[in-house]
Amino acid sequence: MIINPNNGAIEGVVDVRGLKEKVEQTPDLDVLNGIAYHARRSTFFITGKNWSKIFEVVFIEANNK
């Protein structure tokens, strides 16, 4: 979710489901459970429980018209 820090309103949804398919598929693989913002680079780090990788991503607004 993209949450407005000024009023708490949900302004969007980010779909990162495809990342789980890009890690080693092991029996103990589980859900996304980590996200951190890197202010100097304006990127996000995303990982999950028992994932073999950490992804550095940039979110861009999609034109869904």
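Where is the place of Ser42? Ser42 sits in the loop between β3 and β4, strands here being DSSP runs of E with at least two residues, and helices DSSP runs of H or I with at least four, both numbered from the N terminus. The model is predicted, so local features are reported only at pLDDT of at least 70 and side-chain atom pairs only at pLDDT 80 or more, whereas totals for chains, interfaces and linings use all residues. Residues are numbered from 1 along each chain as its sequence is written, and side-chain values use heavy atoms, with hydrogens and water left out.

The two hairpins make a good starting point. Strands β3 and β4 pair in the antiparallel sense over 6 bridges, where pairing requires that DSSP finds at least two bridges between two strands. Within this pairing, Gly34 has Thr47 in β4 as its bridge partner. The two strands form a hairpin with 4 residues between them. In its turn, Ser42 has a phi near 55°, a positive value in a residue other than glycine. Ser42 counts as partly exposed, at 40% relative accessibility; on this scale buried means under 20% relative accessible area, exposed over 50%, and partly exposed in between, with a 1.4 Å probe and protein chains only.

Strand β4 also pairs with β5, again in the antiparallel sense, over 3 bridges. Here the bridge partner of Phe45 is Glu56 in β5. A hairpin with 6 residues between the strands results from β4 and β5. Its turn holds Asn50, which has a positive phi of about 65° although it is not a glycine. Asn50 is partly exposed, with a relative accessible area of 41%.

Glu56 takes part in a charged contact as well. A search of the whole structure finds 2 salt bridges, each defined as a side-chain nitrogen of Lys or Arg within 4 Å of a carboxyl oxygen of Asp or Glu. In one of them, Arg41 pairs with Glu56, and the closest N and O atoms are 2.7 Å apart. This pair links distant parts of the chain, with Arg41 in the loop between β3 (32-38) and β4 (43-48) and Glu56 in strand β5 (residues 55-57), 15 residues apart. Both partners are partly exposed, Arg41 at 49% relative accessibility and Glu56 at 35%. The other salt bridge joins Arg17 to Asp15, with 2.7 Å between the closest N and O atoms. Arg17 is exposed, at a relative accessible area of 66%.

Arg17 also provides a reference point for Leu32, a residue of strand β3. The two residues are 15 apart in sequence, and their C-alpha atoms are 8.5 Å apart in space. Leaving aside residues up to four places away in sequence, Leu32 touches Val16, Ile46, Thr47, Gly48 and Trp51, contact meaning heavy atoms within 4.5 Å. Leu32 is partly exposed at 38% relative accessibility.

Finally, the aromatic side chains deserve a look. The structure holds 3 aromatic pairs, which are rings of Phe, Tyr and Trp (its six-membered ring) with centres within 6.5 Å, called stacked when the planes are under 30 degrees apart, edge-to-face when over 60, and tilted otherwise. Tyr37 and Phe44 form a tilted pair, 4.9 Å centre to centre with 50° between the planes. The rings of Phe44 and Phe59 are also tilted, because their planes lie at 45°, with centres 5.0 Å apart. That pair links distant parts of the chain, Phe44 in strand β4 and Phe59 in the segment after β5, 15 residues apart. Tyr37, Phe44 and Phe59 form one aromatic cluster.
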